[in-house]
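Visitor: I am new to protein structures and would like a guided look at this one. Please take me through it step by step.

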Amino acid sequence: METCVFCRIAKGELPASKIFEDDSTLAFMDLQSVNPGHALVVVKPHRANIYELDDDLAAAAFRTAARVARAVKKAYGCEGVTLFQANEPAGAQTVFHFHIHVLPRWEGDGLALAWPAKNPPREALEEMAAKLRAVI
């Protein structure tokens, strides 16, 4: 897509502080970093979200995310790493090209990832699992 910022970065049309690149993925520093070492992993072909990834491209993206997470841990000595990936506006996606944030974390860094746990009963969990098994 000619106007997609991540496509343009992957094609070399826009600058990026690259970390790693292979045939399917590119990892680079996030301009809107939360902490030092905050990186993005993108797939090179334009795919708007996770639903558009085939299994091979999904595997390549996660391999690169794992590689970058290990590098972030080694280079920055962070206390943890959060991988964040969002899909569609309701899922908090803001750039509509599949990407994974690799976020180095420290206690008290101000980044909060929390949700209101609803703790459904086992019967409800079994019903949900059955519904998913039927379509997977």
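**From the chain to its core**

Visitor: In what order do the elements of the protein run from the N terminus on?

Guide: This is a predicted model, where local features need pLDDT of at least 70, side-chain atom pairs count only at pLDDT 80 or more, and totals for chains, interfaces and linings use all residues. Residues are numbered from 1 along each chain as its sequence is written, and side-chain values use heavy atoms, leaving out hydrogens and water. The protein has 3 helices and 5 strands, which are DSSP runs (H or I of at least four residues for helices, E of at least two for strands) numbered from the N terminus. Their order from the N terminus is α-β-β-β-α-β-β-α.

Visitor: How far apart are the end C-alpha atoms of residues 5-112?

Guide: That span carries the feature "domain: HIT" in an unreviewed UniProt entry; UniProt positions follow the numbering used here, feature names are shortened, and annotations may be inferred rather than shown by experiment. Helix makes up 26% of the span and strand 24%. For scale, the C-alpha atoms of the protein fill a box of roughly 50 × 40 × 25 Å along the principal axes. The end C-alpha atoms of residues 5-112 are separated by 27 Å.

Visitor: Which strands are at the edges of the sheet?

Guide: Two strands pair if DSSP finds at least two bridges between them. The 5 strands make an open, antiparallel sheet in the order β1-β2-β3-β5-β4. An edge strand pairs on one side only, and here those strands are β1 (18-21) and β4 (80-84).

Visitor: How many bridges join β2 to β3?

Guide: Let's walk inward from β1, which forms a hairpin with β2, with 3 residues between them. Those two strands run antiparallel and are joined by 3 bridges, and Lys 18 has Phe 28 of β2 as its bridge partner. Further along, Met 29 stands opposite Ala 39 in β3. Strand β2 (residues 25-29) and strand β3 (residues 39-43) also run antiparallel, and the number of bridges joining them is 5.

Visitor: How many of the residues of β2 are buried?

Guide: Buried means under 20% relative accessible area, exposed over 50% and partly exposed in between, using a 1.4 Å probe and protein chains only. Across the protein, 32% of the 136 residues are buried. Strand β2 is mostly covered, and its buried residues number 4 of 5.

Visitor: Which element gives the largest share of the largest nonpolar core?

Guide: A nonpolar core is a set of buried Ala, Val, Leu, Ile, Met, Phe, Trp, Tyr and Cys residues joined through side-chain atoms within 4.5 Å. The largest one has 16 residues, and Val 41, Val 43, Val 68, Phe 98, Ile 100 and Val 102 are those with the most contacts inside it. Two or more residues come from each of β3, α2 (55-76) and β5. The largest share, 6 residues, is given by α2.

Visitor: With which side chain does His 101 make a polar contact of 2.9 Å?

Guide: His 101 is in strand β5 (residues 99-105), and it counts as buried because its relative accessibility is 17%. A polar contact is a pair of N or O atoms within 3.5 Å; within protein, one must be able to donate a hydrogen and the other to accept it, and residues adjacent in sequence count only if both atoms are side-chain atoms. One such contact, of 3.4 Å, joins the side chains of His 101 and Asp 30. At 2.9 Å, the partner of the His 101 side chain is the side chain of His 38.

Visitor: With which side chain does Thr 82 make a polar contact?

Guide: Thr 82 lies in strand β4, and it counts as buried because its relative accessibility is 16%. Leaving aside neighbours within four places in sequence, Thr 82 is in contact (heavy atoms within 4.5 Å) with His 101, Val 102, Leu 103, Arg 105 and Leu 113. The polar contact of its side chain spans 3.1 Å, and the partner is the side chain of Arg 105.
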